[in-house]
Amino acid sequence: MKNILITGGAGFIGSHVVRRFVTNYPNYHIFNLDALTYAGNLENIADIENAPNYTFVKGDITDETFIANLFFKHQFDAVIHLAAESHVDRSITDPLAFVRTNVIGTMILLNAVKTSWKSSDSSKRFYHISTDEVYGSLGETGLFTETTAYDPNSPYSASKASSDHFVRAYGETYGLPYVITNCSNNYGPNHFPEKLIPLFIHNIINNKPLPVYGDGKYTRDWLYVIDHARAIDLVFHKGKNHETYNIGGFNEWQNIDLVKLLCEKMDEKLNRTPGTSAQLITYVKDRPGHDLRYAIDASKINRELGWKPSVTFEEGLEQTIDWYLTNQKWLDHVTSGDYQGYYEKQYGE
Ligand code: NAD
Ligand code: DAU
């Protein structure tokens with residue numbers, strides 16, 4: 001039995017990764033460490049909470065003593081690190097929170113691993129989950145490859161870039177067996193409704209304005225979250241030490257086109273007259289430092305590990321909308337309390 005620590009497993013992507021590992025690998029004991037911030041929700045993984053190879057640990061990766069004790073107690077064989085502050089808009093209002101969790105929290109995990117593992121033991125693995133945002137913004141053409149220079153523009157992406165650098169530095173300096181992946185925008189079930197797709201689904205259901213930043217011509221490369229979890233599984237097991245892999249959807253959309261498609265699909269699902277939801281589109285003040293375009297060249301992970309997305313955007317969006325429509329209780333729970341205060345501050349309602 002291997003003891004595997006997954007951080008941030010009560011969040012959006014982490015919950016899909018935890019479910020996959022608990023279900024597919026009975027010979028792993030999965031420890032899910034999560035501080036349960038506003039973005040963490042045990043409802044995301046309620047279906048596996050009683051699995052014999054699963055333990056939830058509530059705790060903060062920035063608590064050095066707690067983390068040291070946890071490593072001492074469980075002697076982890078590997079770490080898959082997803083815990084982070086993840087929303088760009090929040091990083092603009094509270095950048096320090098991003099330094100604390102994304103930089104210092106990652107450092108504390110790295111130090112725990114360094115104390116716990118012999119540098120020569122290549123059976124261990126520290127897997128750091130990162131983002132394409134570290135590469136900054138593309139113009140109208142081109143793709144991010146693994147060798148694109150880091151050029152982060154938001155406090156969020158700067159904090160993720162910093163954590164990537166520390167992971168690599170621990171590999172070079174102390175022989176840490178690590179792997180890093182940089183992924184594009186995920187979407188799917190359990191996505192917190194502060195991010196574009198779930199926020200707009202929630203607002204359409206409630207007939208609220210759809211706040212499109214700037215001219216809406218910003219472009220993102222969307223990947224279904226289950227396909228990201230598949231890629232993480234593959235890289236964890238087959239990826240080479242000290243390597244980086246880019247993961248993307250081969251699926252670029254300008255925000256405004258994506259929003260119009262979402263409106264059409266929601267009208268169908270809600271039996272509304274075509275064009276009803278699109279009337280909610282409202283252009284609002286732009287995000288400061290807004291990156292124009294992200295697009296991933298995922299040919300390395302395809303060539304070396306055989307990964308490619310399994311779900312088309314049509315299918316993924318359909319499944320996502322259906323999930324939100326059948327899980328309105330989940331939406332009600334996560335949008336009560338603090339969410340209202342955040343929404344007023346961000347969108348001035
Ligand atoms: P999320 O915000 O949905 O979840 C983050 C989780 O981390 C939450 O459960 C939260 O409670 C936990 N957490 C936050 N601070 C913590 C702390 N100090 N200690 C312990 N737990 C803490 O995020 P997500 O969208 O699932 O992203 C997961 C990871 O993937 C992040 O590292 C993010 O940078 C990266 N990523 C996200 C995307 C995306 O599109 N969402 C794309 C590429 C990479
Ligand atoms: O690229 C990967 C990154 O994708 C992840 O690392 C981040 O954790 C994740 O949050 C996401 O970042 P984005 O900033 O791209 O995602 P978001 O959903 O916040 O915004 C997507 C696009 O939609 C972006 O161009 C901003 C725009 N937008 C967003 C919101 C919330 C709007 O126009 N209006 C909005 O209200």
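Q: A residue counts as near a molecule or strand if one of its heavy atoms lies within 4 Å of it. With that rule, how many residues surround ligand 2, and which are the closest?

A: There are 26 residues around ligand 2, and Thr131, Asp132, Tyr156, Arg287 and Tyr347 are the closest. This is a predicted model, where local features need pLDDT of at least 70, side-chain atom pairs count only at pLDDT 80 or more, and totals for chains, interfaces and linings use all residues. Residues are numbered from 1 along each chain as its sequence is written, chains are lettered from A and ligands numbered from 1 in the order written, and side-chain values use heavy atoms, with hydrogens and water left out.

Q: Which polar contacts does ligand 2 make?

A: Look for pairs of N or O atoms within 3.5 Å. The side chain of aspartate 132 has an N or O atom 2.5 Å from an oxygen atom of ligand 2. Tyrosine 213 uses a polar backbone atom, 2.8 Å from a ligand 2 oxygen, while arginine 220 brings a polar side-chain atom to 2.8 Å from an oxygen of ligand 2.

Q: How much of ligand 2 is covered, and which elements help to surround it?

A: Accessible area comes from the Shrake-Rupley method with a 1.4 Å probe. On its own, ligand 2 has 700 Å² of accessible area, and the protein covers 94% of it. Helices (H or I, at least four residues) and strands (E, at least two) are DSSP runs numbered from the N terminus; α3 (88-93), α6 and β8 (210-213) each give two or more residues to the ligand 2 shell.

Q: What does the picture look like for ligand 1?

A: Of its 28 surrounding residues, Ile13, Asp34, Ser86, Tyr156 and Lys160 come nearest. A backbone N or O atom of isoleucine 13 sits 2.8 Å from a ligand 1 oxygen, and a polar side-chain atom of aspartate 60 lies 2.8 Å from a ligand 1 nitrogen. Alone, ligand 1 exposes 840 Å², of which the protein buries 96%. Strand β5 supplies the largest share of this shell, three residues.

Q: How do I read two packed helices?

A: They are described by the angle between their axes and the distance between the axes. Here α6 (residues 196-205) and α12 (residues 338-347) have axes that come within 15 Å and cross at roughly 100°. The axes are lines fitted to C-alpha atoms over the stretch in contact, with angles from 0 to 180 degrees between N-to-C directions. Therefore α6 is roughly perpendicular to α12 (65 to 115 degrees; under 35 is roughly parallel, over 145 roughly antiparallel, the rest oblique).

Q: Which residues meet there?

A: Leu199, His202 and Asn203 in α6 contact Tyr339, Tyr343 and Tyr347 in α12, with contact meaning heavy atoms within 4.5 Å.

Terms used. A polar contact is a pair of N or O atoms within 3.5 Å; within protein, one must be able to donate a hydrogen and the other to accept it, and residues adjacent in sequence count only if both atoms are side-chain atoms.
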